[in-house]
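This report describes one protein chain for a reader new to structural analysis. Please keep the sequence and the structure in view while reading.

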Amino acid sequence: MAMKSIQTIFVLSLFTLLACGPNLVEGPSSPPVAIVNFGSEQSLGHNEKNPSTPFLRFAPDGRLFAVWSEDHDVLWPAGSHAAGHQRMSGDRAPSPMRNAFLAWSADAGKSWSSPRRVNSTVEAVQGEENGPKVAFGKDNKAYVVWSIPGEKGDKTRANIRFAMEDGQGGFMSAMTLNEVKDAGRFPIIETTPEGNLLVAWIDRRIDNPKPRQLYLMKIDARGQALTKNYQVGEGLCECCKLSISFADAGKTVYMVDREVDGQKIRNHVLRKSTDGAATFGAPVEISNDGWQVPSCPHSGPSIGRDSRGQLHVSWFTQGRSENEAGIYYSVSKDGGKSFAPRHLIHANTAPEILYNNLVVGDDDTVYLAWSNLDANGRAQVYLRTLAADGRTWSSIRQISNAKGNASRPVFALLKNQLHVAWTETDGETSRVVFRSATVGQ
């Protein structure tokens with residue numbers, strides 16, 4: 001499974017914490033570095049059901065929501081519908097199927113509501129790097145997307161599923177969004193400033209001449225389709241996450257993804273729309289890393305926009321040689337027309353694929369989290385911050401202490417509430433870990 005690929009541990013010959021360059025300084029004239037002190041770890045979901053791949057987001061009313069996937073608690077017969085969670089007579093083994101669950105916290109993550117299952121029918125809700133995502137309407141209604149394997153069980157030829165709250169404490173029956181079946185993967189969902197929903201995914205309905213397209217669809221707050229599926233890009237890496245940011249009250253839409261060319265070189269690009277995601281201009285390369293790899297690296301970029309309109313992007317690459325491998329950062333100060341030379345955030349000397357994420361605070365502090373190997377060869381989650389001056393970096397901090405491996409961190413930030421969650425794996429088991437911090441916004 002891709003979720004457990006990071007468990008293939010290599011000997012870590014050298015573990016070095018590097019600064020990002022001579023122009024990144026800390027001194028008397030620099031702004032204070034953000035101090036992030038996290039509270040104790042919490043677990044989300046039922047640990048015996050192997051929760052994985054969390055996603056965090058705040059609703060408009062300030063509640064923090066988490067969505068994740070976990071094993072079914074009963075072995076449902078294929079194609080059947082089971083109500084509730086009562087164990088069925090004769091069960092002998094855990095089901096290979098998965099559910100999507102949603103829970104919320106009204107006290108900054110100190111306590112959580114009982115999880116609600118989102119999918120009402122038997123489905124193999126994908127976790128791993130392709131977990132469920134949630135967005136909210138202005139009335140706090142939740143909308144969730146996820147993917148399920150295709151007709152033959154192939155998760156590379158999957159289908160995009162969408163469900164919305166029914167107003168009675170549950171969710172309406174899910175519908176499939178991709179009009180060509182067994183073609184979609186890696187869905188993300190965002191609420192546009194005008195209150196509609198924008199769903200994006202990586203699609204493979206056309207494999208030539210350039211494989212993997214970027215498809216979008218717009219849905220209104222009632223769950224009704226405003227558009228059909230439409231293509232806005234091509235040549236995407238098959239299994240690397242997407243990321244979206246809005247500007248100008250939704251008129252400007254920024255998207256980042258990983259591209260792959262004919263020589264299997266995989267770099268990241270920014271796509272910009274000035275008409276509310278109806279059309280996009282030519283992709284702008286963020287950094288020419290020159291990473292040539294035949295298979296998909298399962299790690300995509302992350303984007304955030306600050307109050308000044310600057311675009312912050314982080315990503316992983318192994319570059320042209322092993323000594324280039326690591327997590328990188330860049331910024332665009334001209335609305336995505338160009339990007340500054342990349343800055344190394346954390347070096348990686350082992351042949352592992354690292355996952356990353358970032359979020360931007362109201363005071364323009366950038367918070368970055370990623371996975372890397374510790375001195376014992378275990379994957380752990382690390383944190384670093386960049387001050388609003390764009391030069392002052394904090395030191396690198398390890399924020400997980402997994403006995404096995406910790407990976408795929410995600411953020412949620414509202415005012416001074418910073419939350420992070422990730423997946424930990426140990427052998428054949430997994431769990432979701434959550435931590436919170438109060439930061440100086």
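## Terms and overall fold

A residue is called buried when its relative accessible area is under 20%, and exposed when that area is over 50%. The model discussed here is predicted.

The protein chain contains 28 strands and 0 helices. It has 441 residues, and 59% of them count as buried. The surface that the chain exposes comes to about 17900 Å², with carbon and sulfur atoms supplying 51% of this area. When contacts between residues at least 6 apart in sequence are considered, 56% of them join residues at least 24 apart.

## Strand 2 and its hairpin

Strand 2 covers residues 52-58. This strand is mostly covered, since 7 of its 7 residues are buried.

Strand 2 runs antiparallel to strand 3, which spans residues 64-71, and 5 bridges join the two. One of the paired positions involves S52, whose bridge partner in strand 3 is S69. The two strands form a hairpin with 5 residues between them, and in this hairpin G62 takes a positive phi near 95°.

## The largest pocket

Rolling a probe the size of a water molecule over the atoms shows where empty space is left. In this model, the largest pocket has a volume of about 1500 Å³. Its lining consists of 48 residues, and those nearest the centre are R57, E190, I244, I303 and V359. Several elements give two or more residues to this lining: strand 2, strand 6 (133-136), strand 10 (184-191), strand 14 (243-247), strand 18 (302-305), strand 22 (356-360) and strand 26 (405-414).

What is the chemical character of the residues in the lining of the largest pocket, counted as nonpolar, polar and charged? The lining holds 26 nonpolar residues, 10 polar residues and 12 charged residues.

## A buried loop residue

A402 belongs to the loop between strand 25, residues 397-398, and strand 26. Is A402 buried or exposed? A402 counts as buried because its relative accessibility is 0%, and the cut-off for a buried residue is under 20%.

Which residues is A402 in contact with, leaving aside its neighbours within four places in sequence? They are R378, A379, Q380 and E424. A further relation links A402 with T423: the two are 21 residues apart in sequence, and their C-alpha atoms are 9.6 Å apart in space.

Terms used. Residues numbered from 1 in each chain as written. Predicted model: local features only at pLDDT ≥ 70, side-chain atom pairs only at ≥ 80, totals over all residues. Heavy atoms only, no water. Helix = DSSP H or I, 4+ residues; strand = E, 2+ residues; numbered from the N terminus. Buried < 20%, exposed > 50% of the residue type's maximum accessible area, 1.4 Å probe, protein only. Contact = heavy atoms within 4.5 Å. Areas by Shrake-Rupley, 256 points an atom, 1.4 Å probe, with all protein chains shown as cover. 1 Å grid on protein atoms, 1.4 Å probe; cavity = no way out; pocket = protein on both sides within 12 Å on 5 of 7 lines; lining within 4 Å. Points joined across faces, edges and corners; volume = space filled by probe spheres on them. Nonpolar A, V, L, I, M, F, W, Y, C, P; charged D, E, K, R; others polar. Pairing = 2+ DSSP bridges.
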